[in-house]
Amino acid sequence: MSQLLSPVPQLLWRARLRLAGLSLLVMGTVLYGAGFCMGQLLLQTQEAAIKRELETLAGTLHDSLKPALPHDARPSASLAAVLPGLCLAGEPCRPPADLIHRHAISATDSDRFQLRVLDQNGTLIARSPGARQQEPRPGQLGWSLSGDRSTERWGAYTIHLHHAHGPGEPNWGYLQISRNLADLDAEAERLWWLGHAVFLLAMLAMAVASWWLAGLAMAPLLEAYRRQEQFSSDVAHELRTPLANLLAVVEAEHGAVAQTNQPAKASLNRVLAQGQRLQRLIADLLLLASLEQPACLETQESCRLAECLEDLIEDFGETAHARGVTLALQVPDPDRMVRGQKRELVRLFSNLLSNAIQHSPAGGVVLVELGQQGSNLRVAVSDQGPGIAACEQERIFERFYRSDASRSRQSGGTGLGLAIAQAIAGRHRGWLSVQSTPGAGSTFLLQMPALT
């Protein structure tokens with residue numbers, strides 16, 4: 001017994017999906033924001049540690065170089081003696097072959113650190129081996145960045161160099177220590193990929209949790225809806241038999257007083273008309289209750305829609321003629337078929353056709369068109385009635401909703417015709433919609449999967 005559609009109303013499913021989506025959006029935004037802030041905080045902490053490292057190293061070197069700096073800030077033999085292991089500007093760079101003659105900075109990782117000494121004008125005097133040839137002048141003291149992540153980034157810390165050859169410790173030049181930030185950038189990239197991978201896994205888990213929680217939240221509404229359906233079905237079943245007996249009695253009394261008591265006959269006619277209307281309402285409620293149940297493939301067959309529409313046009317011919325309405329049918333391809341229950345499809349088209357005739361003015365035309373759109377068959381029922389306001393077009397498929405209540409009551413309608421039509425369309429994997437402009441008529445469109 002395969003089900004074509006779940007008995008759960010589509011409105012509740014859409015509400016559950018919307019609730020789960022909003023919950024996932026809120027939780028995902030909070031999680032992503034928290035993860036982003038934590039990643040940035042971690043990288044800023046590492047960057048601050050590098051700044052402190054360079055600042056400490058620069059201060060230590062300044063204190064060790066200060067007493068031994070020559071008087072003039074220029075490349076010279078005396079400067080080379082003070083800074084062994086550094087390359088003087090304008091001279092070939094020949095790093096010492098042994099560790100003893102290397103400057104203290106050379107004992108660190110040369111791939112991570114670089115040392116540069118500049119004069120008061122920012123001109124390079126000496127640099128560590130392997131240092132970049134082109135460096136920006138120190139525009140300001142303290143921390144600075146150069147390069148970008150696509151090539152290579154360096155963080156530099158610049159301080160004044162002083163010497164003790166004059167009062168007040170005049171400025172001798174600049175000392176700049178740079179550190180390669182490749183490891184920091186690599187860590188940032190690892191954090192980015194790892195963070196987004198964890199975020200995606202968390203989103204999948206939260207999507208499942210959101211759907212489950214939304215189901216729990218919607219469970220009371222679903223139970224209330226099912227109770228309402230069961231109540232309507234039970235009431236309709238309980239009323240059907242006594243109402244039938246009551247109508248039988250009224251019809252018998254109506255026949256007995258038909259010739260002798262005209263006032264009583266008129267009263268019985270009104271009772272009989274209202275009883276028959278109530279009988280139709282009960283029948284429609286029972287039909288809606290049955291349509292809420294899942295359809296089974298075993299009860300379906302191949303149906304030729306053109307044949308159904310032709311029979312209905314013939315059946316409604318007299319009704320339309322009495323109202324002065326012309327029925328027209330256009331079927332370019334009469335052999336196209338769908339799979340479903342012919343009895344239900346006939347009821348669907350009957351409701352649409354009856355509705356179109358009732359709302360068409362005398363002299364109007366009701367046009368029924370059968371065509372194909374992609375892999376679906378398309379049935380359009382158009383009238384030349386007053387049309388439907390845009391604010392009412394979403395509500396006309398609700399139970400007992402009438403856009404013109406007085407007119408619907410006069411015509412004997414129950415307010416369930418379009419709700420039944422929509423339920424039948426859903427059971428056949430189709431959908432029913434309306435296109436209407438006030439004053440220009442309405443067109444009801446049904447689309448269903450065609451048999452290939």
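## A walk from helix α7 outwards

Start at helix α7, where the buried residues are E344, L345, L348, F349, S350, N351, L352, L353, N355, A356 and I357. Keep in mind that everything here is read from a predicted model. The helix itself is 17 residues long, and from its first C-alpha to its last it reaches 24 Å, close to the 24 Å expected at 1.5 Å a residue.

Two of those buried side chains, F349 and L353, turn up again as soon as you look at the packing. Together with V379, F349 and L353 touch the most other members of the largest nonpolar core, which has 45 residues. Quite a few elements chip in: two or more residues each come from α4 (262-291), α5 (305-315), α7 (342-358), β10 (365-373), β11 (376-382), α9 (417-427), β12 (431-436) and β13 (442-449). As a general backdrop, nonpolar side chains tend to be buried together in soluble globular proteins.

To get a feel for this core, sit on V379 and look around. Leaving out residues up to four places away in sequence, V379 touches L305, L309, F349, V368, E369, L370, F444, L445 and L446. Apart from this core there is another one, made of 27 residues, with L86, L115, Y157 and L181 among them.

Back to α7, and to how it packs against α9. Two packed helices are described by the angle between their axes and the distance between the axes. For α7 and α9, the axes come within 9 Å and cross at roughly 145 degrees. The crossing is left-handed. On the α7 side, the contact is made by E344, L345, R347, L348, N351 and L352, while α9 brings G417, L418, I420, A421, I424, A425 and R427. Sorted by class, that contact has 8 nonpolar, 2 polar and 3 charged residues.

What about α9 on its own? This helix is mostly covered, with 9 of its 11 residues buried. Those buried residues are L418, A419, I420, A421, A423, I424, A425, G426 and R427. Several names recur from the α7 contact, including L418, I420 and R427.

Follow the chain out of α9 and you'll run into a backbone quirk. Just after α9, R429 takes a positive phi of about 60 degrees. Most residues other than glycine have a negative phi, and R429 is a residue other than glycine with a positive value. It belongs to the loop between α9 and β12. R429 counts as partly exposed because its relative accessibility is 47%, which falls between the 20% and 50% cut-offs.

The end of α9 also gives us a handle on strand β13, where M448 is found. M448 counts as buried because its relative accessibility is 2%. From M448 to G426 is 22 residues in sequence but 9.3 Å in space, C-alpha to C-alpha. Setting aside neighbours within four places in sequence, M448 is in contact with V338, L345, S375, N376, L377, H428 and G430. Note L345 in that list, one of the α7 residues in the contact with α9.

Now leave α7 in the direction of β10. The loop between α7 and β10 holds H359. Is H359 buried or exposed? At 19% relative accessibility H359 counts as buried, because the cut-off for buried is under 20%. Its C-alpha is 7.2 Å from that of P386, a residue 27 places away along the chain.

Two more spots are worth a visit. In helix α4, you'll find Q279, which counts as partly exposed because its relative accessibility is 37%. Q279 touches L243, A244 and L247, again not counting residues up to four places away in sequence. The C-alpha atoms of Q279 and A244 are separated by 7.8 Å, with their positions 35 residues apart along the chain.

The other spot is A20, in helix α1 (residues 10-65). A20 is buried, with a relative accessible area of 7%. Its contacts, leaving aside neighbours within four places in sequence, are S210, W211 and A214. Between the C-alpha atoms of A20 and M206 there are 9.5 Å, although the two are 186 residues apart in sequence.

Finally, zoom out to the whole chain. The secondary structure comes to 9 helices and 13 strands. Of the 452 residues, 38% count as buried. Among contacts with a separation of 6 or more, 69% come from residues 24 or more positions apart.

Definitions and conventions. Residues are numbered from 1 along each chain as its sequence is written. This is a predicted model: local features need pLDDT of at least 70, side-chain atom pairs count only at pLDDT 80 or more; totals for chains, interfaces and linings use all residues. Side-chain values use heavy atoms; hydrogens and water are left out. A nonpolar core is a set of buried Ala, Val, Leu, Ile, Met, Phe, Trp, Tyr and Cys residues joined through side-chain atoms within 4.5 Å. Buried means under 20% relative accessible area, exposed over 50%, partly exposed in between (1.4 Å probe, protein chains only). Helices (H or I, at least four residues) and strands (E, at least two) are DSSP runs, numbered from the N terminus. Contact means heavy atoms within 4.5 Å. Axes are lines fitted to C-alpha atoms, for helices over the stretch in contact, and angles run from 0 to 180 degrees between N-to-C directions. A crossing is left-handed if the near helix is turned anticlockwise from the far one by less than a right angle, and right-handed if clockwise. Ala, Val, Leu, Ile, Met, Phe, Trp, Tyr, Cys and Pro count as nonpolar, Asp, Glu, Lys and Arg as charged, and the others, Gly among them, as polar. The expected span of a helix is 1.5 Å times one less than its number of residues.
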